[in-house]
Amino acid sequence: MTMIKPYKTLIVDDHPIVSEGLQVVFSQSKEVEIVRIFKTGSMLLDYGGLGKIDIILLDVFLPDINGIDLCLKIKKSHPKIIILAMSSQAERSIVMQMIKNGANGYLLKSASLDEFKNCINKAVEGELAFSNEVKGVIQKTSIHDLKTVPRLTRREKEILLLLADGKSTQEISDTLFLSYLTVQTHRRNLLNKCQARNLAELLKFAKENAL
Amino acid sequence: MKNKLLLLFILFVSHAYPQRVYTLDDDKSYTDSLTQLIKSTRVDSIKCISSFRLADLYRRGKKNELADGYLALANTIAPKYPFLKDVAVYYNSIPYLSKGDIDNFGKQLSLANTKLKKYKTKDSYSLRAYILRNLSIVKQVQNNEKEAMRILIEEAMPLAEKGGNYEVLSGLYKSVAIIFMNNEERTKAETYLKSAKEYIEKASKSSYTYKETKVEIYVIDSENMTHLEKLVDAKKSLDKAYEILKKYPKSNMNGGYYFSEGYYFYKIKQFENSLKSYDKGIANSMLYQDVFSANRLKFAKHLPFKAMNRHEDVKNVLLDLIENSNPFIVDEKNYSLELAQTFEKLGDIKNAYKYSSRYIALNDSLNEIQSKEKITALEAKFNKAENEKKISQLEAQRERDKLIAENNKLYYGLLVAISVLLLLLVIFLWINSKNQKKIAIEHAKNYTQNLTALKNQKEIEVMQAMIKGEESERKRIARDLHDGIGSMLSSLKMRFMKVNSSSEVDLNEIDNMNTLLTNSITELRQVSYNLIPESLLKLGLEHALNDLCHMLKTENVRIDFHANAIKDDIPESMQITIYRIVQELLSNALKHSKSSEILVDCSQNQSRFFITVEDNGIGFDTSKMDVFEGQGLKNLKNRVELLNGKIEIDSSKERGTVFNIELSL
């Protein structure tokens, strides 16, 4: 990274209290120079001086454009810019989505100045940077995000057994007193869950995994 | 022999009557008086009846022109008087008789009789009796003796008695007697003739036909008495007749008288006198060209000749009759027989054989005629029987047709009745089905209404629950804000004031304050998240649910989440509802089930959304669900039902609880 301190930084946040607070916090910093503050995503996209910018502090929830989508757009046009997502919430799916779209880190707005600085430094160094609370949210996932044998519901197991007996969808719906559509949906779900393309694959998978 | 004579006599009397009215030629004074009366009288009715009588009189006297004249005169007046108009029918019938039209004469007589019935006067009765006597003669001529007799006895006689006209009455008795004589009932004839004699003696002598009637009766009576060998009585009657007739030697009644006299002389064996009488009779008859009478008298002559064995005279008489008189076959036959016998006695066998043969031939032909007549009669009878048979057949046929027609009528009636019945049935069924339909529609309507009402009820319940939930949520939020953030901020404020008031800055105190502030922000975030998760709004249902499951899982409780084909275009309100349902189920499971594993499975297929939440916990009694589960689950059910969804709960101690929810989007 050939970034020269202080890093030229943009803040995109619709809440003036947050952005001004950050500006105040970073005003005395030698590492971060707040170049501009934008209140909407479109204002950021219209800004011509993105080429000279090192870091963008991007609020996830903007009034006009979703921060997640905005992130992807900026990263596509200026891959070198480090984008740190900011939010007052730390919802796992949003964090993951943000990272997927190229964000370099995710911070809670309530994070301390030190945390901000740490994260910025980490990001500049090429690491994914998370504030402490966000780290907690991310870490919880690790175990179950691994690809495991899918869990089947009791109803799905019943249907699987009947399918193994060679019953048709109609016969199953008659046996279980369910509508045809319901059974059809379960059957489709079974194939999706087991990533099987047809009934034979599904039954094979079920046998192998002792479902 | 005698029979035939009688027959001829009867024929003569009955047949000859119209053409050859017996008269004493003594009517002149009467006709004169009538003529005078007609001229002088001013009373039309008298003029009319007199003219009728005069016409009748003239007709008897064969003065037809005068008769027609007076008849015409009478006819001009008659229409003015109803009685005379009806009387005229009788008088106008007489010309038919003159012309020999017996049938029409009879018809007119019947008509006159009928018309006169309404007049209950003696004149009318007498006239009707007279008319009926003529009618009786007509019946005799028409060979209906029975009817003739019936008319005389049952109709004419009572009328004559009612009319008090003894002359007419005696005439009627005489007529009956003639019929009896005709049928060889001489004794019966005698009794009637006796009555006739009695009545004629009582009768008014002023009648212009009185003498004629009297003579006729005695002449006939004499003949009958002679035949019955009551010769004394016969002589008396002859004398009575002669008493009148002697004044009228030229009268045509003398023929009849001399016949009876001759017959009487013959019986008392004064043959010469007998022949003399017959000759006188023949002379009288010839005077009036009365051939029948003359022939009868001539034939009668052969008996006295025969008795005197003057066979030559017998032969001459008979030959004269057979060759010159152009006799009836019956007569010719009799003549032939007599001639044959006479020739035999004269020894002329050849002629005897000739007349014998002639007799046989005549007899045969007569028999043939008779048998033919019989055959004809039989044929007629047969035809009649045949016709009757045909008629009866036709009638039977008609009866049958009638029966068939009636049967048909019955069938048609039955058919119509059945048709009507069927029609009624159809109409009844139709109306019934219509009513049923109406009722069904009504039921459906009611059902729909009930359903709507129920739905509304449910909606209200849900709304109330939602309002209640909202209220409790607000309370919770208020409590959270007040107890958590509020208290922290209050504490922070107090610490600030303390720092502010003290001159030295206690770094420790600032750290505390920082911690407090951080906690406040975290708390606030939690509250905000509880209100509505940001991810649901920004990233959709699948992410939100995933986050939820993630957030709720702990080291003790594993929560698996599967999403299958959930689309992003689900309406936001629907997404929130689904989110809340899953949230409710998860929180229930975590709170109550004591399970270690929870499986959340959400999938979508077209407009159906499926939610399955399973746990391996302790389960609960679904039947007591409403009692102990409180508001939460009940609200859940209501919410699902409101979205046309289905909820299926399967819970047991061993296997935990399964919620299968199906919603329509």
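# A tour of two chains, sheet by sheet

Begin in chain B by selecting B:Ile647, whose bridge partner in β5(B) is B:Ile661. This is a predicted model, and the tour starts from this one pair of residues and moves outward from there.

**The sheet of chain B**

Extend the selection to the two whole strands, β4(B) and β5(B), and you will find that they pair in the antiparallel sense over 7 bridges. Now add the remaining strands of chain B, and the picture becomes an open sheet of 5 strands in the order β1-β2-β3-β5-β4, with mixed pairing. At the edges stand β1 and β4 (646-652) of chain B, and because each has a single partner strand, one side of each is left without a neighbour in the sheet. If you look along the sheet, neighbouring strands are turned by 10 degrees against each other on average, direction ignored.

Next, select helix α9 (residues 180-193) of chain A, which packs on this sheet of chain B and touches β1, β2, β3 and β5 of chain B, its direction making about 115 degrees with that of β2(B). Then colour helix α22 (residues 572-593) of chain B, which lies across β2, β3 and β5 of chain B and runs at about 10 degrees to β3(B).

**Where the chains touch**

With a helix of chain A already in view on the sheet of chain B, show the whole contact between the chains, to which chain B gives 28 residues and chain A gives 25 residues. On the side of chain B, the elements that give two or more residues include the helices α19 (507-531), α20 (534-539) and α21 (541-552), and the strands β1 (558-564), β2 (597-605), β3 (608-615) and β5 (656-664). Which element of chain B gives the most to this side? It is α19(B), with 5 residues.

**Across to the sheet of chain A**

Hide chain B for a moment and display chain A, whose secondary structure comes to 10 helices and 6 strands; buried residues make up 38% of its 211 residues. The 6 strands form an open sheet in the order β2-β1-β3-β4-β5-β6, and here the pairing is parallel. Its edge strands are β2 and β6 (129-130) of chain A, each of which pairs on one side only.

Select strand β1 (residues 7-12) of chain A, where 5 of the 6 residues are buried, so that the strand is largely enclosed by the rest of the structure. To one partner, strand β2 (residues 32-38) of chain A, β1(A) is joined by 6 bridges, the two strands running parallel, and A:Val12 stands opposite A:Phe38 in β2(A). Trace the backbone between these strands, and you will see the chain cross from β1(A) through helix α1 (residues 16-27) of chain A to β2(A) in a right-handed β-α-β crossover. To another partner, strand β3 (residues 55-59) of chain A, β1(A) pairs in the parallel sense over 4 bridges, with A:Thr9 opposite A:Ile55 in β3(A).

Move then to strand β5 (residues 105-108) of chain A, which pairs with β6(A) in the parallel sense over 2 bridges; to find the place, label A:Gly105, which stands opposite A:Ala129 in β6(A).

**Helix pairs in chain B**

Bring back chain B, which has 24 helices and 5 strands, and in which buried residues make up 34% of the 665 residues. Select helix α7 (residues 122-141) and helix α9 (residues 166-182) of chain B, whose axes come within 10 Å and cross at roughly 20 degrees. The angle is under 35 degrees, and α7(B) and α9(B) are therefore roughly parallel to each other, with α7(B) passing α9(B) in a left-handed crossing. Show side chains for the residues that meet, among them B:Ala129 and B:Tyr130 in α7(B) and B:Val168 and B:Leu172 in α9(B).

For a contrasting pair, take helix α10 (residues 186-202) and helix α11 (residues 210-227) of chain B, whose axes also come within 10 Å but cross at roughly 150 degrees. These two helices, α10(B) and α11(B), are therefore roughly antiparallel to each other, and α10(B) passes α11(B) in a left-handed crossing. The residues that meet include B:Leu193 and B:Ile200 in α10(B) and B:Ile217 and B:Ile220 in α11(B).

**A last stop in a loop**

Finish at B:Gln270, in the loop between α13 (254-267) and α14 (271-287) of chain B. With 15 C-beta neighbours inside 10 Å, B:Gln270 counts as partly exposed. Draw a distance from its C-alpha to that of B:Pro304, and you will find 8.4 Å between two residues that are 34 apart in sequence.

Methods:
Residues are numbered from 1 along each chain as its sequence is written. Chains are lettered from A and ligands numbered from 1 in the order in which they are written. This is a predicted model: local features need pLDDT of at least 70, side-chain atom pairs count only at pLDDT 80 or more; totals for chains, interfaces and linings use all residues. A residue is buried if 20 or more other C-beta atoms lie within 10 Å of its own, exposed if 12 or fewer, and partly exposed in between; C-beta atoms are placed from the backbone. Two strands pair if DSSP finds at least two bridges between them. A crossover is right-handed if, with the strands pointing away from the viewer, the path from the first strand over the helix to the second runs clockwise. Axes are lines fitted to C-alpha atoms, for helices over the stretch in contact, and angles run from 0 to 180 degrees between N-to-C directions. Angles under 35 degrees count as roughly parallel, over 145 as roughly antiparallel, 65 to 115 as roughly perpendicular and the rest as oblique. A crossing is left-handed if the near helix is turned anticlockwise from the far one by less than a right angle, and right-handed if clockwise. Two residues are in contact if their C-beta atoms, placed from the backbone, lie within 7 Å.
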